[in-house]
Amino acid sequence: MAKSKTGLGRGFESLIPTDVEEDWDMDISEAVPSDKGELKNIPLGKIDSDPSQPRREFDPDSLRSLAQSISEHGVLQPIVLKPTSGRYQIIAGERRFRASLIAGRETIPALVRDVSEQNRLELALVENVQREDLAPLEKARAYRKLKDEFNMSLEEIGRRVDKSFESVKQTMRLLDLPDTAKDLMTKHRLTEGQMKPLIGLPDDIILKVLPRIVDDKLTVAEIKKIAAAARRGKLIQIYEREKLAMTKALNLPVNVRTTGAHKGTVSIQFTSEDQLRDIIKTITGRDFE
């Protein structure tokens, strides 16, 4: 499919005018020039979601919070719609649409633009990947769709969403993870930084490491250490649970440093002789004078 070059390079502000009054209770059908689209209040019951919407999940708490704001202040920025056989399809503004439904509104302010199917998909995807809270896998799927369906290069995608070529490339590599890993990433909201070190490891190693990432809330540095060791043919264990158990038992800071597969050192910090005696007694069961 040939790609469009109109408007998208300037970002999403080319689609939504910035000089529109925000008093949506008035008759706004003629409020903006026709080349920007027709601005009007549209009944929510006549609006359909975009089936190509890259965002699959919407945080319920976030939607309720937005619905509360809409109930109090109204919708401060119009959504963007495409007319389709007497109804409308969302190009941008899915969250505002859903929150308006929760808020019990009957209409929503919208810019109605008769764009091509290709432009509609491009605009929806670009608008979504520019959002900072878009889940990493959703972003990766959006990049893949821009690349595969619109024949965009990774450099062009990067320009559209203000990311570097390498950033786009690395995000897309998340799609190479095994399905089980992607499911865990979504379920536990693991970050892109936590998952990137695992890319390229054998599936069985990834699935061994993931439960520790989830259970022990491993840092990116710890995950990188595990991944680097796995690439050398060793699987380093991060003893986070054991460290916490010892810290609790001794009531003193404990650190476990791994130096290889099942190798390492345990250090216990103390600041007084009494604390040292307590450590010795806990470990040996004997008092030393």
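**Figure 1. The salt bridge between K147 and D148 in the predicted model.** In this predicted model, D148 and K147 are joined by a salt bridge in which the closest N and O atoms lie 3.9 Å apart. K147 counts as partly exposed, because its relative accessibility of 36% falls between the limits of 20% for buried and 50% for exposed residues. K147 also appears in the next view, since it is among the residues of helix 4 that make the contact with helix 6. A search of the whole structure finds eight salt bridges, and two others are shown in Figures 5 and 6.

**Figure 2. The packing of helix 4 against helix 6.** Helix 4, which covers residues 136–150, packs on helix 6, which covers residues 165–172, at an angle of about 110 degrees and with the two axes 8 Å apart. Helix 4 and helix 6 are therefore roughly perpendicular to each other, because the angle lies in the range of 65 to 115 degrees that is given this name. On the side of helix 4 the contact is made by P136, K139, A140, Y143, R144 and K147, and on the side of helix 6 by V168, T171 and M172. Sorted by class, the residues of this contact comprise five nonpolar, one polar and three charged.

**Figure 3. The packing of helix 5 against helix 6.** Helix 6 also packs with helix 5 (residues 154–161), here at an angle of about 105 degrees, and the axes are again 8 Å apart. Helix 5 and helix 6 are therefore roughly perpendicular to each other. Helix 5 contributes L154, E155, I157 and G158 to the contact, while helix 6 contributes F165, V168, K169 and M172. Five of these residues are nonpolar, one is polar and two are charged. A reader who compares this view with Figure 2 will find V168 and M172 of helix 6 in the contact with helix 4 and also in the contact with helix 5.

**Figure 4. The loop residue N151 and its positive phi.** N151 is found in the loop that runs between helix 4 and helix 5, the two elements that each pack with helix 6 in the preceding views. Phi of N151 is near 55 degrees, which is a positive value in a residue other than glycine. N151 counts as exposed, because its relative accessibility is 56% and the limit for exposed residues is over 50%.

**Figure 5. The salt bridge between D48 and R87.** The side chains of D48 and R87 meet in a salt bridge, with a distance of 2.9 Å from N to O. This pair links distant parts of the chain, since D48 belongs to strand 2 (residues 47–48) and R87 to strand 4 (residues 87–92), and the two residues are 39 residues apart. D48 is partly exposed, with a relative accessible area of 30%, and R87 is likewise counted as partly exposed at 32%.

**Figure 6. The salt bridge between E192 and K196.** K196 forms a salt bridge with E192, and the closest N and O atoms of the pair are 3.1 Å apart. The two partners fall into separate classes of exposure, for E192 is buried with a relative accessible area of 16%, whereas K196 counts as partly exposed at 29%.

**Figure 7. R189 and V214, in a loop and in a helix.** R189 lies in the loop between helix 7 (179–187) and helix 8 (192–195), and it has a positive phi of about 55 degrees although it is not a glycine. V214, by contrast, has its place in helix 9, which covers residues 203–216. R189 counts as exposed at 63% relative accessibility, while V214 is buried at 18%. The two residues are 25 residues apart in sequence, and their C-alpha atoms are 9.5 Å apart in space. If the neighbours within four places in sequence are left aside, V214 is in contact with H188 and L190.

**Figure 8. The whole protein and the confidence of the prediction.** The secondary structure of the protein comes to 12 helices and seven strands, and buried residues make up 42% of its 289 residues. The mean pLDDT is 78, and 76% of the residues reach 70 or more. Over residues 1–35, however, pLDDT stays under 50, although the model has 68 contacts beyond four places in sequence for this stretch. Where pLDDT is low, the predicted coordinates should not be read in detail.

Note on methods: Residues are numbered from 1 along each chain as its sequence is written. This is a predicted model: local features need pLDDT of at least 70, side-chain atom pairs count only at pLDDT 80 or more; totals for chains, interfaces and linings use all residues. Side-chain values use heavy atoms; hydrogens and water are left out. Helices (H or I, at least four residues) and strands (E, at least two) are DSSP runs, numbered from the N terminus. Buried means under 20% relative accessible area, exposed over 50%, partly exposed in between (1.4 Å probe, protein chains only). Contact means heavy atoms within 4.5 Å. pLDDT is the predictor's confidence in each residue, from 0 to 100. A salt bridge is a side-chain nitrogen of Lys or Arg within 4 Å of a carboxyl oxygen of Asp or Glu. Axes are lines fitted to C-alpha atoms, for helices over the stretch in contact, and angles run from 0 to 180 degrees between N-to-C directions. Angles under 35 degrees count as roughly parallel, over 145 as roughly antiparallel, 65 to 115 as roughly perpendicular and the rest as oblique. Ala, Val, Leu, Ile, Met, Phe, Trp, Tyr, Cys and Pro count as nonpolar, Asp, Glu, Lys and Arg as charged, and the others, Gly among them, as polar.
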